[in-house]
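Work through the exercises below with the sequence and the 3D view open. Each task is followed by a solution in steps.

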Amino acid sequence: MFRLTQIMRNLYLRLEGFFSVIFTSVANVVKNSFGFFAKLFGFSESGYYLEPDQVQTLKQNETQQQIETKQDTTTQTPASKRRANAKMEYYLNMARDLKKN
């Protein structure tokens, strides 16, 4: 009896794998065709559902935000780099000590 249940389980797993591959490929074909028609009719654009005035203000706000963030990202370097050199000297001294031993 154990052999029969093993055969049934293996058959179920193989059928499940086969149908998942088939249905996945069919779903991809349907998704790609809907995507093609969405691009063709302009539904994939972000502003197709907004009024023209709202689209223009949205674009203006985005450009203003980008300009503001570019101005804020300027970083100032510290006047002295003593700390970085001290770390490097520590590792150089450690390497010299290892070469001596």
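**Exercise 1: a nonpolar patch**

Task: In this predicted model, list the residues that make the nonpolar surface patch of about 1100 Å².

Solution. The patch is made by L4, M8, L11, L15, F18, F19, I22, F23, V26, V30 and F34. Take V30 as one of these residues. V30 is found in helix α1. Its relative accessible area is 40%. Partly exposed covers values between 20% and 50%, so V30 is partly exposed.

**Exercise 2: the length of a helix**

Task: Check whether the end-to-end distance of helix α1 agrees or disagrees with its number of residues.

Solution. Helix α1 runs over residues 2–41, which is 40 residues. The expected span is 1.5 Å times one less than the number of residues, and for α1 this comes to 58 Å. The C-alpha atoms at the ends of α1 are 58 Å apart, so the distance agrees with the expectation. After α1 comes G42, which has a positive phi, near 85°.

**Exercise 3: aromatic pairs**

Task: Classify the pair F18 and F19, then the pair F37 and F41, as stacked, tilted or edge-to-face.

Solution. A search of the whole structure gives five aromatic pairs. F18 and F19 are one pair, with ring centres 5.5 Å apart and planes at 65°. An angle over 60 degrees counts as edge-to-face, so F18 and F19 are edge-to-face. F18 has a relative accessible area of 48% and is partly exposed; F19, at 40%, is also partly exposed. F18 and F19 belong to one aromatic cluster with F23.

For F37 and F41, the centres lie 6.4 Å apart and the planes make an angle of 20°. An angle under 30 degrees counts as stacked, so F37 and F41 are stacked. F37 and F41 are four residues apart in helix α1, and therefore about one helical turn separates them. F37 is partly exposed at 43% relative accessibility, whereas F41 is exposed at 57%.

**Exercise 4: the whole chain and its confidence**

Task: State which elements the chain has, how much of the chain is buried, and which helix has the lowest mean pLDDT.

Solution. The chain has three helices and zero strands, in the order α-α-α along the sequence. Of its 101 residues, 2% count as buried. The chain exposes about 10300 Å², and carbon and sulfur atoms supply 59% of that area.

For confidence, the mean pLDDT of the chain is 75, with 59% of the residues at 70 or more. Among the elements, α1 has the highest mean pLDDT, 90, and helix α2 (residues 52–72) the lowest, 59. Where pLDDT is low, predicted coordinates should not be read in detail.

Technical notes:
Residues numbered from 1 in each chain as written. Predicted model: local features only at pLDDT ≥ 70, side-chain atom pairs only at ≥ 80, totals over all residues. Heavy atoms only, no water. Helix = DSSP H or I, 4+ residues; strand = E, 2+ residues; numbered from the N terminus. Phe/Tyr/Trp six-rings, centres within 6.5 Å; stacked < 30°, edge-to-face > 60°. Buried < 20%, exposed > 50% of the residue type's maximum accessible area, 1.4 Å probe, protein only. pLDDT = per-residue confidence, 0-100. Patch = residues over 30% accessible without salt bridge, like charges linked within 9 Å, V, L, I, M, F, W, Y side chains within 5 Å. Areas by Shrake-Rupley, 256 points an atom, 1.4 Å probe, with all protein chains shown as cover. Salt bridge = Lys/Arg side-chain N within 4 Å of Asp/Glu carboxyl O.
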